Every structure is written in structure tokens, then in C-alpha cells.
Amino acid sequence: MANICYRFILVFFSIACLILTAFAITGSYENKSYLTPTYLINFHLNKLDLRQIISPSIGDNSSKRKRADDDNDSTPTTTSTGSIPSNAQQWINVASSIAGNLPSDFSSIASAVGTNLPSSVPSDLASVLPSSLPTGDVESTISAAIANLLNNVSPEELGIADVYSVSYWGYCRGDLKSNKSSVFDGDLGRLVDENFDNSNVDYTWCSPPKAGYFFNPATVIREELNRTIEGQQIDSQSSLINELSSQYVDDLKVLVNNIADEYLNLPSDLQNNLGTLNNITKASFAMMIIAAVFSFISIVFQIMAMCLSPDNCCLSFLNFALQLVTFLASILAAGLATGAYVFVRRKVNDETGDYGIKSFLSINFYAFAWSAAVAAFLVVVFSAVGHCCGCFSGERRRYRQVAAYEHKGEY
């Protein structure tokens with residue numbers, strides 16, 4: 001009887017580990033209300049200042065990764081105020097029309113293009129250039145277009161959502177629903193949500209699921225801005241993209257065609273740590289898959305042990321080994337994910353005032369992950385105690401009925 005009871009306990013906690021791990025893995029797999037609250041980390045951008053993230057001098061190699069607030073003294077007045085030089089509008093129109101064809105070496109074009117077109121200009125560029133161009137520099141023209149866009153257009157008008165969550169499968173866009181009171185921010189020149197509130201976020205769209213997803217902010221920004229250029233309204237938050245003027249759309253094309261990972265100025269220079277973060281996330285995902293698979297196999301072994309002889313040493317050894325590996329995989333998965341994204345959250349939140357970004361960890365995901373690890377640990381504990389106390393032993397006490405000896409003799 002003790003054998004069966006202990007087997008049921010092990011099966012119960014193994015099933016708990018399997019279900020909890022499955023819940024953690026499948027979080028944010030698609031846009032479903034019971035899936036989207038389970039994510040690794042989210043980022044609130046309702047107070048985002050894009051000028052801190054993207055350098056206006058994006059085409060100038062000497063100004064890579066330079067903070068916008070550090071450029072106030074050196075940036076020309078024409079770009080810092082959002083205005084465009086009198087002869088730059090024609091340059092901006094040209095840059096936006098040929099942005100997709102520009103080679104990586106902008107300096108060669110800048111030296112080749114002037115009031116006349118020399119023979120060194122490629123034919124595909126010459127066909128779209130006007131006959132008379134203002135003198136100037138292509139790099140400064142691109143910077144002027146980007147500065148004009150960042151200084152005059154809000155992130156909402158560019159199709160950027162209030163909240164982005166990241167999971168093992170991709171990212172989701174979220175809309176803040178509760179206490180959305182706004183105040184005017186003089187530095188940004190627009191209304192922003194007064195507080196960061198993670199208690200009531202409505203997730204409106206999720207990217208197509210992809211196992212081992214690598215979250216790269218530069219890639220996500222390009223995807224979002226490309227949808228804005230093409231007029232793809234994927235949720236209610238992206239309705240403002242249709243109100244962009246053609247001039248800002250042209251400026252946006254210049255930005256998208258010239259933005260690169262190295263030009264993003266993420267909080268605490270997180271861009272340099274994205275590769276390591278991606279590897280840790282993949283390792284955590286793999287450990288969770290292993291824990292789920294081994295939990296299922298352990299359940300099968302427990303059921304087999306109820307039907308077979310409990311004295312089968314080979315089956316008992318394999319079962320305990322599976323339980324131990326399941327626990328190690330579960331604790332590693334939870335530990336890796338927690339350590340990595342607690343680090344990211346701290347780095348982002350330390351600079352919330354500068355960038356207008358706040359990050360939160362999902363209560364659901366980490367509750368599922370650590371509860372699964374606890375369940376796996378209890379399986380190991382009960383299994384070890386059961387073996388040590390002989391609860392899985394097949395020995396049964398046998399009693400022999402002894403009849404009273406009757407001596408038949410003559411008296």
C-alpha cells in the first residue's frame with residue numbers, strides 16, 4: 001500500500017512540473033488573453049524620447065552612439081530646433097528617393113556629387129538625381145532629415161506602441177488601459193502618460209511565433225517603421241500612421257534605410273550585450289523543453305512501476321535519474337531566465353528618466369518557472385525518501401498459520 005501511495009505522490013508532482021513548464025514555455029505564443037501575460041520582460045514606452053535612442057547624426061561615423069543631450073552645444077541650430085536649411089529640402093527629397101540604393105560608403109557619394117555630375121556617379125543614381133543640386137554633404141542632409149523627423153513626430157505617430165513584451169517566441173505590442181492620465185512634457189514637446197502602470201495592459205498584436213527568437217531592438221524598430229511607411233495598420237494603436245504627411249514619410253524612409261544596430265543608443269549600452277542575452281535565453285528555453293520531456297517520461301515510468309514488480313532495480317535507477325535531471329533542467333531554466341532579465345530590468349530602469357522607458361518582469365512566467373522547479377525538487381525528495389525507507393520495496397510479510405499439535409496417544 002505504501003508503494004502505491006508514494007507512486008501517486010510522485011506522479012502528481014511530475015504532472016505539476018510538466019503542466020507548469022508547459023505554461024511557462026507557451027506564454028505569448030500568440031495574441032490570446034491567457035497567453036500574453038506570460039512573458040520574459042516588457043518595456044513601457046509611453047514616455048519614450050526617440051532622440052535619446054536614435055542619434056540624429058546617424059550617417060556620420062564620428063558621432064556614432066552619441067547621446068542627443070550631449071549634442072546640444074555642437075549640433076547646428078538648423079537641426080536642433082527641427083527646422084531645415086533653405087537649400088536642404090531638395091537634398092532630403094533626393095535622399096529619400098535614392099535611400100534604398102545608397103552604398104555603404106557615403107563619403108564617396110558626398111565627394112562625387114556636386115553641382116555637376118561627374119562620370120564616377122553610378123548610372124542608377126544619376127537617373128534619379130536632378131540636374132541642379134545644392135552644394136552640401138549627403139551625410140549632413142540625411143542627419144537633417146532624421147532630426148526633422150525625431151523633433152516633430154511623436155512615437156505614436158510612427159506606429160510605436162505603448163508597451164512591448166518579449167517571450168521565447170517573439171514580441172507583442174500592448175496598449176495601456178488604466179489610469180492613462182497625461183501631462184505635457186516640455187522637453188519632449190508633447191503629452192505623455194504621467195505614470196508607468198503595468199497592472200492593466202491590453203496586448204493587441206504578437207509577431208509570428210519563432211522558436212529561439214532573438215529580440216533585437218534595431219530589428220523591431222525597423223519592422224515597426226516599415227509598417228508605418230507601407231501604411232499597415234495592425235492594431236488600434238497604429239491608426240495614427242495614416243495622418244503622417246508625405247514629407248515625414250520621406251524622412252522616415254531615410255531613417256529606415258540608414259539605421260543600423262551600432263547607431264542605437266540603448267540604456268546602459270545594452271546593444272553590446274544582446275548576443276549574450278540571446279544565448280542565455282536560448283539555453284533557458286532548451287532547459288525548459290528538456291524538463292517538460294523528462295517529466296512526461298518520468299510519469300510513464302511511475303505508471304509502469306505500479307504494474308511491474310517494484311523490485312526492478314533497473315527501472316528504479318532510471319526513474320530516479322530522470323527525476324534528478326528534470327529538477328536540474330528546471331532550476332537551470334528558471335535561474336538563467338531570472339538572472340538575465342533581472343539584469344536587463346535593472347539596467348533599463350536605472351536610466352528611466354533619460355530615455356522614458358520602464359521595464360517589468362512577468363509575474364506569471366516566473367511563477368510558473370519556479371513552481372515547476374519546486375515540483376521537480378519535491379519529486380526528487382519524495383523519491384529519495386521512499387527508496388531510503390523501503391517504501392518502494394516489494395517485500396511483503398507472510399504469516400504461516402500454525403495449528404496446535406494434537407498428540408494422540410493412549411493413557
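A nonpolar core is a set of buried Ala, Val, Leu, Ile, Met, Phe, Trp, Tyr and Cys residues joined through side-chain atoms within 4.5 Å. In this predicted model, the largest such core has 58 residues. Phe43, Tyr341 and Phe365 have the most contacts inside the core. Helix H11, residues 313–349, gives the most to this core, with seven residues. Domain 1 (1–30 + 266–389) and domain 2 (154–258) both contribute residues, so the core lies between them. In soluble globular proteins, nonpolar side chains tend to be buried together.

The overall fold was examined next. The protein comes to 13 helices and seven strands. Of its 411 residues, 47% are buried. Contacts between residues at least 6 apart in sequence were also classed by separation; 80% of them join residues at least 24 apart.

Individual residues give a closer view of the packing. Tyr341, one of the core residues with the most contacts, touches Leu40, Ile41, Leu277, Thr281, Leu361 and Tyr366, not counting residues up to four places away in sequence. Thr281 lies in helix H10. The relative accessible area of Thr281 is 8%; under 20% counts as buried, so Thr281 is buried. Beyond four places in sequence, Thr281 touches Leu40, Tyr168 and Tyr341. Leu40 thus appears in the contact lists of both Tyr341 and Thr281.

The loop between helix H1 (2–26) and strand E1 (41–44) holds Thr38. Ser28 is found in this loop too. Thr38 has 4% relative accessibility and therefore counts as buried. Ser28 is also buried, with a relative accessible area of 4%. Leaving aside neighbours within four places in sequence, Thr38 is in contact with Phe23, Ala24, Gly27, Ser28, Ser362, Asn364, Phe365 and Phe368. One of these partners, Phe365, is among the residues with the most contacts inside the core. The backbone of Ser28 takes a positive phi of about 60 degrees, although Ser28 is not a glycine. Most residues other than glycine have a negative phi.

Helix H1 also contains Ile4. Ile4 is partly exposed, because its relative accessibility is 31% and that class runs between 20% and 50%. Ile4 and Ile303 are 299 residues apart in sequence, yet their C-alpha atoms are 9.9 Å apart in space.

Helix H8 was then considered from end to end. H8 comprises 14 residues, 217–230. At 1.5 Å a residue it should span 20 Å, and its end C-alpha atoms are 20 Å apart, which agrees. At the start of H8, a side-chain oxygen of Asn216 reaches to within 3.1 Å of the backbone nitrogen of Ala218. Just after the helix, Gly231 adopts a positive phi of about 75 degrees. The buried residues of H8 are Pro217, Ala218, Val220, Ile221, Glu224, Leu225, Arg227 and Thr228. Both Glu224 and Arg227 are thus in the buried set. The cover over these buried residues includes three strands: E2 (163–166), E3 (171–176) and E6 (201–206). Helices H9 (246–258) and H10 (274–307) are also included in that cover.

Helix H9 has 13 residues. From its first C-alpha to its last, H9 reaches 19 Å, close to the 18 Å expected at 1.5 Å a residue. Its buried residues are Val249, Asp251, Leu252, Val254, Leu255, Val256 and Asn258.

Leu244 is found in the loop between H8 and H9. With a relative accessible area of 13%, Leu244 is buried. Leu244 touches Val153, Glu157, Leu158, Thr228, Val249 and Leu252, not counting residues up to four places away in sequence. Among these partners, Thr228 is a buried residue of H8, while Val249 and Leu252 are buried residues of H9. Leu244 and Val153 are 91 residues apart in sequence and 8.6 Å apart in space, C-alpha to C-alpha.

Database annotation was compared with the model. An unreviewed UniProt entry carries the annotation "transmembrane region" for residues 285–308, 320–343 and 363–392. Over residues 320–343, the chain is 100% helix and 0% strand. The end C-alpha atoms of that stretch are 35 Å apart.

How values were computed. Residues are numbered from 1 along each chain as its sequence is written. This is a predicted model: local features need pLDDT of at least 70, side-chain atom pairs count only at pLDDT 80 or more; totals for chains, interfaces and linings use all residues. Side-chain values use heavy atoms; hydrogens and water are left out. Helices (H or I, at least four residues) and strands (E, at least two) are DSSP runs, numbered from the N terminus. The expected span of a helix is 1.5 Å times one less than its number of residues. Buried means under 20% relative accessible area, exposed over 50%, partly exposed in between (1.4 Å probe, protein chains only). Contact means heavy atoms within 4.5 Å. A polar contact is a pair of N or O atoms within 3.5 Å; within protein, one must be able to donate a hydrogen and the other to accept it, and residues adjacent in sequence count only if both atoms are side-chain atoms. Domain bounds come from an automatic or database domain assignment. UniProt positions are given in the numbering used here, feature names are shortened, and annotations may be inferred rather than shown by experiment.
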